[in-house]
Amino acid sequence: MLDITNTKGAKMCQEVFQIAMSMDLKSVEMQLALQCAPLITGARISNMLMIDSTDESAMRVILRASGISHFRLAARNEKTAFLLFRRSLLEAYLNNSEALDILKKAGYEDFSFGKILLRFKKHYEAYLNDEHKQFPHEMGLLLGYPIEDVRGFIEHNGCGCLYSGYWKVYRNVPLKKKMFEDFEKAKESVIQLLAEDIDMRLILEIYKEEPQQIAV
């Protein structure tokens, strides 16, 4: 069974959980809701998406003209990983001096947006193909995590966090808890819309016109 909990393991509200369990959890639309609802609603600037490789074309059709871009990271064991993002927002975030400093220390030399994506893809594929390769910690930047938490994760090697939810938190726990709650609410909202037979392309259009306030 596919996991429909958040990364800390707390289930969504019981009503929406029951709705989700009655739906096709493997569909592209449902996977977008489960994995990328905060991005869809405008609460985040990027998300990872892992889908069956056979669903790649369907995903591209759904995201066309949505304002959400996609970048293929890796394909393995009949699954394909994508980075989904709102380009102008992620590009601006990566141009922050603190983000650039982390990228420099991770071996990046060309800081144009396209080159950053290509270099990360190379690091990510190398990690997947060789268990001895170091995990590409700069992934947190590509996912739009707060820089303070990305830096904290790197400096503490993933240990000693103050809280763990969608990512490991090293500062400002109350704010991050509120953000995680908002991400769960986003997931519930998108699932409920799908349950009402609203097409994912229309859902994307709705939130394109009236996005939530970006949290990350």
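Helix 2 (residues 28-41) has a kink of about 80 degrees at Gln35, shortly before the proline Pro38, where the bend is the angle between axes fitted to the seven residues ending at a residue and the seven starting there. Helices here are DSSP runs of H or I with at least four residues, and strands are runs of E with at least two, numbered from the N terminus. This is a predicted model, in which local features need pLDDT of at least 70 and side-chain atom pairs count only at pLDDT 80 or more, while totals for chains, interfaces and linings use all residues. Residues are numbered from 1 along each chain as its sequence is written, and side-chain values use heavy atoms, with hydrogens and water left out.

Helix 2 spans only 17 Å between its end C-alpha atoms, whereas a straight helix of 14 residues would span 20 Å at 1.5 Å a residue; the expected span is 1.5 Å times one less than the number of residues.

Of the 14 residues of helix 2, 12 are buried, meaning under 20% relative accessible area with a 1.4 Å probe and protein chains only. Gln35 is not among the buried residues listed, but Pro38 is. Their cover includes the elements below, with contact meaning heavy atoms within 4.5 Å.

| Element | Residues |
|---|---|
| helix 1 | 14-21 |
| strand 1 | 46-52 |
| helix 3 | 56-63 |
| strand 3 | 79-85 |
| helix 9 | 173-195 |

Helix 10 (residues 200-209) also meets helix 2, and their axes, lines fitted to C-alpha atoms over the stretch in contact, come within 11 Å and cross at roughly 5 degrees. The contact involves Glu29, Leu32, Ala33, Ile40 and Thr41 of helix 2 and Met200, Ile203, Leu204 and Tyr207 of helix 10.

Definitions and conventions. Axes are lines fitted to C-alpha atoms, for helices over the stretch in contact, and angles run from 0 to 180 degrees between N-to-C directions. Buried means under 20% relative accessible area, exposed over 50%, partly exposed in between (1.4 Å probe, protein chains only).
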